[in-house]
Structures are given as C-alpha cells and as structure tokens.
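Me: Could you take me through the charged pairs in this model, and then the side chains around them? I'd like a close look in plain words, please.

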Amino acid sequence: METLPVSRAVWCGKHWIHLKEVDSTNDYLKGGDFPDGAVAIADRQTAGKGRQGKNWAGAPTGQALYLSVLFHSMKIGDMGLLPLLCGLAVARSLGKGARIKWPNDVLINNKKVCGILCESTIQGSRVSAVCGMGINLSQPAAFFEENGLPHAASLLSEAGETRPVLTAAAMLLDELEPILEQYRQDGFGPLLPAYQERCITLGRQVQVIRGQEAETAQAVSIALDGGLVCQSDGETFTIRAGEASVRGIYGYA
Ligand code: BTN
C-alpha cells in the first residue's frame, strides 16, 4: 500500500490501494486484514453495492469515485451514525452547494451525486466498519438520462466543476479524518449543528415508508443517535435508517 500523495489526512488513507477493477471496494476491505483508516479506491466495480440490497451502477472510468474506508474498534451504536458522518464529509468536500438527504445521500440542486453504504464486519475479536462512497464526478447530464436515472447527477453536470478522481479522494479524506476524530473524542453532539445545517430533509413534509405502509410527517430534527425526528398529528417519533425510508412528497429530496 502507498500513501495518497495529495491528502493532508494523517491516518485516514495513510494505507490505501488503487485498484483497476474490483467487485466492490467495500467487499475488498471486508475481505482482508487492513489497518484502521485503510482506503480502497477502484477505477471500476463489477458488482458495486448500494443500500437496501440494490446494485450501484458504474460509470466510465475516471468519471466517478468509488472509495471505501475501514474503521476499527467500532461499537454497534456507531453504525447508525457513520453514514451521517460520511455524508457530512462528502458534502463538505463537494462544496457549499452540497446538501444531505437524510441519512446520507448527498445532493446538488436536489439531485443525487453520492451514495454511501456503511457495513459492519467482524475480524477476529474486532468489530469494524467499512464505509463505501460512490461520488459521481464528471458524467454528463446525458449519461443519467440514457441510463434512466432522472434523480442522479454529477459534480460536473450540476456545479460545472471538473475534479479528477484522486483529487476528489484526497479532498474527501481531508474532511473525513477530522470528523471521525471529533466523533471518536466527543461523540455526535458537536457535529450535529453542521449536519443539520446541510440536511435538506429537515423542515419538509416527508413520506415515511415502512414495508407497504406510508405515512406523511414533518421532519423536524436529527436525534443524537442519527435518527430522524418527525411529527405527525401532534405525535413526535424518531425513525432510524434501515427501519424506514423517507421520500420527499415533491420530487426526490
Ligand atoms: C446507495 O445505494 O446510495 C449507496 C451506494 C454506495 C456505493 C459505493 S461505491 C464504493 C462502495 N463500494 C460498493 O460496492 N458500494 C459503495
């Protein structure tokens, strides 16, 4: 493993590997014995994984970043928060216009430019987490139209910015490392205001979908465990990622 040359991060990405092709960067890190903060980047994934068992479609080489990071010594409670922490890091790396659709889709102009999949993994006696981020960097708008992805976009198509893959990786790790350090030291509390400020879901009417049932509610805040606090008919309740999904009533966000 080499050192990512352009990153300021110290431990996050200190050990990294750049693969031409892999099934999934998440599975690559889950299958090996790597140190805390190890990073895998691939030019191409043959079986990229999305949330809820979906596939994560590939882009032409160089037009998207597929990056996974391994975090050791995690607790089960961390698993609900890691997607939010990664979402905040990605949003910061993409600039002021990037917003987060709870829990962790990153949007520009209400279109999804990044998806995040965090998985836990047990290696010996250690519980670790692998957080995989897929960032659309420079696919043209036509790419998403042609592939039937009307709610997706890239940094180029929405912000007009061309960002090479390894530059995007370094910028992401520069944001991720301080967020993880703060979280490990002080928990989510100090990061909550920054997350809420970026979170496009808050203040909106959302549909909370549990299995076949959908309920309309107002999204009001984010709980300290990463849950989305909602109100409906005078009742306040918190939903957790994985238990229910949230759709905006008008459009994707
Ligand atoms: C989503 O469904 O929104 C999550 C998509 C996560 C995709 C990334 S790409 C890098 C990493 N490797 C994978 O197989 N998935 C994640």
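Reply: Happy to; here is a walk through the salt bridges, followed by two single residues and the aromatic pairs.

A word on the basis: this is a predicted model, in which local features need pLDDT of at least 70 and side-chain atom pairs count only at pLDDT 80 or more, while totals for chains, interfaces and linings use all residues. Residues are numbered from 1 along each chain as its sequence is written, and side-chain values use heavy atoms, with hydrogens and water left out.

Let's start with charge. Side chains of opposite charge can pair when their charged atoms come close. Here a salt bridge means a side-chain nitrogen of Lys or Arg within 4 Å of a carboxyl oxygen of Asp or Glu. The structure has nine of these salt bridges.

One of them joins Asp 174 to Arg 8, with 3.6 Å between the closest N and O atoms. This pair links distant parts of the chain, 166 residues apart: Asp 174 sits in helix α5 (residues 165–186), and Arg 8 in the segment before β1 (16–22). Helices (H or I, at least four residues) and strands (E, at least two) are DSSP runs, numbered from the N terminus. For accessibility, buried means under 20% relative accessible area, exposed over 50%, and partly exposed in between (1.4 Å probe, protein chains only). Asp 174 counts as buried because its relative accessibility is 13%, whereas Arg 8 is exposed at 68%.

Another salt bridge pairs Arg 44 with Glu 21, whose closest N and O atoms are 2.5 Å apart. Arg 44 lies in strand β2 (residues 39–45) and Glu 21 in strand β1, so the pair ties together parts 23 residues apart in sequence. Arg 44 is partly exposed at 40%, and Glu 21 is partly exposed at 48%.

Arg 240 and Asp 225 also form a salt bridge, with the closest N and O atoms 2.7 Å apart. Arg 240 is in the loop between β11 (235–239) and β12 (245–248), and Asp 225 is in the loop between β9 (213–222) and β10 (228–232), 15 residues apart. Arg 240 is partly exposed at 32%, as is Asp 225 at 34%.

Salt bridges also link Asp 27, Lys 30, Lys 49 and Glu 119 in a network. Lys 49 turns up again beside Lys 54: leaving aside neighbours within four places in sequence, Lys 54 is in contact (heavy atoms within 4.5 Å) with Gly 48 and Lys 49. Lys 54 belongs to the loop between β2 and β3 (64–71) and is partly exposed at 48%.

Back in strand β2 you will find Gln 45, which is buried at 14%. The Gln 45 side chain reaches the backbone nitrogen of Thr 25 at 2.9 Å. Not counting residues up to four places away in sequence, Gln 45 touches Val 22, Asp 23, Ser 24, Thr 25, Trp 56 and Tyr 66.

Finally, the rings. Rings of Phe, Tyr and Trp (its six-membered ring) pair if their centres lie within 6.5 Å; planes under 30 degrees apart count as stacked, over 60 as edge-to-face and the rest as tilted. The whole structure holds four aromatic pairs. Among them, Tyr 28 and Phe 34 are stacked, at 5.5 Å centre to centre and 25 degrees between the planes. Tyr 28 is partly exposed at 24%, while Phe 34 is buried at 15%. Phe 188 and Tyr 195 make an edge-to-face pair, at 6.3 Å centre to centre and 65 degrees between the planes, and both Phe 188 and Tyr 195 are buried.

Notes
A polar contact is a pair of N or O atoms within 3.5 Å; within protein, one must be able to donate a hydrogen and the other to accept it, and residues adjacent in sequence count only if both atoms are side-chain atoms.
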